[in-house]
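Work through the exercises below with the sequence and the 3D view at hand, trying each task before reading its solution.

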Amino acid sequence: MRILLTGVTGQLGWELQRTLMTIGEVIPVGRSVSNPSLQMDLTQVDTIRRIIREIKPDLIINPAAYTAVDKAETEPELAMAINGIAPGAIAEEAKRIGAALIHYSTDYVFDGNKNTAYTEQDETNPQNIYGKTKLAGEQAIAEVGVPHLIFRTSWVYSLRGKNFLLTMLRLAQEREEIRVVDDQIGAPTWSRMIAEATAQILSQAPENISDFLANKGGLYNLTATGQTSWYGFAKAIFELEDRKSDRKLQRLIAIPSKEYPTPASRPAYSLLNTQKLSNNFGLVLPPWERCLDLLLNLNN
Ligand SMILES: NC(=O)c1ccc[n+]([C@@H]2O[C@H](COP(=O)([O-])OP(=O)(O)OC[C@H]3O[C@@H](n4cnc5c(N)ncnc54)[C@H](OP(=O)(O)O)[C@@H]3O)[C@@H](O)[C@H]2O)c1
C-alpha cells in the first residue's frame, strides 16, 4: 500500500511516519521535505492536486493542520485554507484516483455545554476560529463522498513540537509558581497512541482499503480513556516526571478560566465518547495517566 502522509514534522505526523512503515510505503509530503517534487504547502490547492495525481497513493493520511488555536483568531483565512479548504481538495483528488483518506479533527468543534461525553452524533457548535475551520474540513471531506475516516481527538501532547506537556516542563524550570486552568475538562491524548490506533485499524483492513472504509468509514472519536482538567494534567505531569532536581517550581495553583483570558474561547467540557471506535474496531485507548507515565518514563 502506498501511503501519502502530510504533516510529518508535527506531533502526530511524526508518530504516524514511524508507525506506518510496517503497513506500507510511506511517502512524506510537506513544506520542508527535501525532495522538491514532494513539497506540499496546504495553502496551495494546485500543488496538492498535482502531487496527489503524480504519486497516485492508495491512501492519503492528513494529520497536518493549522493548530495555533489562539493565533487563528487573527489569521482566520490562513487557518481556513489549511484546515477547511485543503482537506476538501485532498478528498476530491483521493476520490478521483480511487484512494481512501484518513483525516484528524478536534474536540473544539463542540461548545462544551454538555456534561456527558460527546458522541459522533452530537450537534457541533465551535466557539473559536480553529474549531470552525476544523469543522469545515470535516464537512468538506464528507461532502466529497470519498471512502474516509475522520478521527476527532483532543489535548494532543508528545515530546515534540508545541504542547501543554512541554510548556509545563519548561515553566517548571523557569518559575516558582504556575497557575493552571481547572474548569476545562477533556482527555489528554499522546500522539503515539493516536498513530498506533490508526495503524491497528489499517491492519484490520483487507487488501482494498477503500472497500473496507466504504463499510466502516466515517467519523470517530479517538482519545485516551478518562478525563481531567488542565490543572489535573499539570499535577499528574509533576507527580510522574522524574527529573525533579532542576525544577524551580514550588507551587501549582488551580485557577478558573476567567483568570486566564485567551484570544480564543475554549469549551468548558469537551470529553469525547469513544464507544463507536470500540464497537466497530474493538479498540480502546489506555487511560490518559497511563499514557503520560509511559511517555515520561520512556528513557528509564
Ligand atoms: N494539538 C492538539 O492539541 C490537537 C487537539 C485536537 C486535535 N488535533 C488535531 O490533530 C491533528 C494533528 O495535530 P498535531 O498536534 O500533530 O499538529 P502539529 O504538531 O501542530 O503539526 C502540524 C503539522 O501541520 C503542518 N502544516 C501546517 N501548516 C501547513 C501548510 N500550510 N502546509 C503543509 N503542512 C502544514 C506542519 O508542518 P510545518 O512544520 O511545515 O509547519 C506540521 O507538520 C490535527 O488535525 C489537529 O487539528 C490536535
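**Exercise 1.** Find which polar backbone atom an oxygen atom of the ligand approaches at 3.0 Å.

*Solution.* The backbone atom belongs to V156, 3.0 Å from an oxygen atom of the ligand, which falls under the term polar contact (a pair of N or O atoms within 3.5 Å). Taken alone the ligand exposes 900 Å², and the protein buries 84% of that, with areas from the Shrake-Rupley method and a 1.4 Å probe. The model is predicted, with local features needing pLDDT of at least 70 and side-chain atom pairs counting only at pLDDT 80 or more, while totals for chains, interfaces and linings use all residues. Residues are numbered from 1 along each chain as its sequence is written, and side-chain values use heavy atoms, leaving out hydrogens and water.

**Exercise 2.** Describe the residues that surround the ligand.

*Solution.* Begin with the count: 23 residues surround the ligand (each with a heavy atom within 4 Å of it), and T9 and R31 are among the closest. A polar side-chain atom of T9 lies 2.5 Å from an oxygen atom of the ligand, and for R31 the corresponding distance is 2.7 Å. Next, sort the shell by type, which gives eleven nonpolar, nine polar and three charged residues. Finally, look for the source of the largest share, which is β4 with three residues.

**Exercise 3.** Determine the order of the strands in the open sheet, and explain why one side of β2 and of β10 is left without a neighbour.

*Solution.* The six strands run β2-β1-β3-β4-β5-β10 with parallel pairing, where two strands pair if DSSP finds at least two bridges between them. Because β2 (25-28) and β10 (218-221) stand at the edges, each with a single partner strand, one side of each has no neighbour in the sheet. The twist averages 20° from one strand to the next. As a last step, follow β1 (residues 2-5), which pairs with β2 over four bridges, and note that L4 has I27 in β2 as its bridge partner.

Technical notes: Polar contact = N/O pair within 3.5 Å; in protein donor to acceptor, adjacent residues only side chain to side chain. Helix = DSSP H or I, 4+ residues; strand = E, 2+ residues; numbered from the N terminus. Nonpolar A, V, L, I, M, F, W, Y, C, P; charged D, E, K, R; others polar. Axes fitted to C-alpha atoms, helices over the stretch in contact; angles between N-to-C directions.
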